Amino acid sequence: MPLTPHEALIYLMVITSASDRDMTDVELARIGDVCRSWPVFVDFRHERLIAVAQACQKALQDKDGLEGVLTRAAEALPERLRDTAYAAAFEVAAVDLEMRLEEVRVLQLIRLKLDLDTLTVAAIARAAKARLRTLT
């Protein structure tokens, strides 16, 4: 069954968080924050978040695994939401201020699947880092 755009956005955040096989509380909280505060989720039923995340985890276990999830997510996203999807995934990867190699690799796969240009990706990364920076 095809994903909705909301589900696709959540799937990309979940696979980014799960890329190192350790979905931290901080990352899960950021997914919830994004779903509650970003305008793209204004009409999303928030009580569905856990079920959508669980469906993503189950889809990762299917025959097509990560590639299948990425393909389904890309197909569900209109062109105008592709940079938003990457930004949401990057938020999850950057929230703990420590980006692991596995997260970097998943972000690369997302960028390629969504056909995002280098300047867009760099701008999203810079904005997220600036937003998450602390004084110490």
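1. Buried residues are those with under 20% relative accessible area. By that criterion, helix 4 of this predicted model contains the buried residues Gly-65, Gly-68, Val-69, Leu-70, Ala-73, Ala-74 and Ala-76. These buried positions of helix 4 pack against helix 1, helix 3, helix 5 and helix 6. In length, helix 4 comprises twelve residues, and the distance from its first C-alpha to its last is 17 Å, close to the expected 16 Å at 1.5 Å a residue.

2. Glu-67 also belongs to helix 4. Its relative accessible area is 44%, so Glu-67 is classed as partly exposed. With respect to Arg-36, Glu-67 is separated by 31 residues in sequence and by 28 Å in space, C-alpha to C-alpha.

3. Helix 1 spans residues 5-18, a run of 14 residues. From first C-alpha to last, helix 1 reaches 20 Å, close to the 20 Å expected at 1.5 Å a residue. Helix 1 is mostly covered, with twelve of its 14 residues buried. The buried residues are His-6, Glu-7, Ala-8, Leu-9, Ile-10, Tyr-11, Leu-12, Met-13, Val-14, Ile-15, Thr-16 and Ser-17. Their packing partners are helix 2 (25-37), helix 3 (49-60), helix 4 (65-76), helix 5 (82-94) and helix 6 (101-113).

4. The packing of helix 1 on helix 2 may be described in detail. The axes of the two helices lie 10 Å apart, at an angle of about 165 degrees. Helix 1 is therefore roughly antiparallel to helix 2. The crossing of helix 1 past helix 2 is right-handed. On the helix 1 side, the contact is formed by Ile-10, Met-13, Val-14 and Ser-17, and on the helix 2 side by Glu-27, Ile-31, Val-34 and Cys-35.

5. Arg-30 is located in helix 2. Is Arg-30 buried or exposed? Its relative accessible area is 19%, and the cut-off for burial is under 20%, so Arg-30 counts as buried. Setting aside neighbours within four places in sequence, Arg-30 is in contact with Glu-91, Val-92, Val-95 and Leu-132.

6. Ala-88 lies in helix 5. With a relative accessible area of 1%, Ala-88 is buried. If residues up to four places away in sequence are not counted, Ala-88 touches Met-13, Val-34 and Trp-38. Of these, Met-13 is listed among the residues of helix 1 that meet helix 2, and Val-34 among those of helix 2 that meet helix 1. Ala-88 and Leu-70 are 18 residues apart in sequence, and their C-alpha atoms are 14 Å apart in space.

7. Helix 5 also packs against helix 7 (residues 118-132), with an angle of about 40 degrees between them and their axes 10 Å apart. Helix 5 is therefore oblique to helix 7. The crossing of helix 5 past helix 7 is right-handed. The residues of helix 5 that take part are Asp-83, Tyr-86, Ala-87, Phe-90, Glu-91 and Ala-94. They meet Thr-120, Val-121, Ile-124, Ala-125, Ala-128, Lys-129, Arg-131 and Leu-132 of helix 7. Glu-91 and Leu-132, which appear in this interface, are also among the contacts of Arg-30.

8. How many aromatic pairs does a search of the whole structure find? There are two aromatic pairs. In one, the ring centres of Phe-41 and Phe-44 are 5.8 Å apart and the planes stand at 75 degrees, so the pair is edge-to-face. Both Phe-41 and Phe-44 are buried. The other aromatic pair is that of Tyr-86 and Phe-90, which is tilted, at 6.2 Å centre to centre and with 40 degrees between the planes. Tyr-86 and Phe-90 are four residues apart in helix 5, so about one helical turn separates them. Tyr-86 and Phe-90 are each buried, and each takes part in the contact with helix 7.

9. The backbone at Asp-115 deserves a remark. Asp-115 has a positive phi of about 55 degrees, although Asp-115 is not a glycine. Where is Asp-115 placed? Asp-115 lies in the loop between helix 6 and helix 7. Its relative accessibility is 65%, and the class of exposed residues begins over 50%, so Asp-115 counts as exposed.

Notes. Residues numbered from 1 in each chain as written. Predicted model: local features only at pLDDT ≥ 70, side-chain atom pairs only at ≥ 80, totals over all residues. Heavy atoms only, no water. Expected span 1.5 Å × (residues − 1). Buried < 20%, exposed > 50% of the residue type's maximum accessible area, 1.4 Å probe, protein only. Contact = heavy atoms within 4.5 Å. Phe/Tyr/Trp six-rings, centres within 6.5 Å; stacked < 30°, edge-to-face > 60°. Axes fitted to C-alpha atoms, helices over the stretch in contact; angles between N-to-C directions. Parallel < 35°, antiparallel > 145°, perpendicular 65-115°, else oblique. Left-handed = near helix turned anticlockwise from the far one by under 90°.
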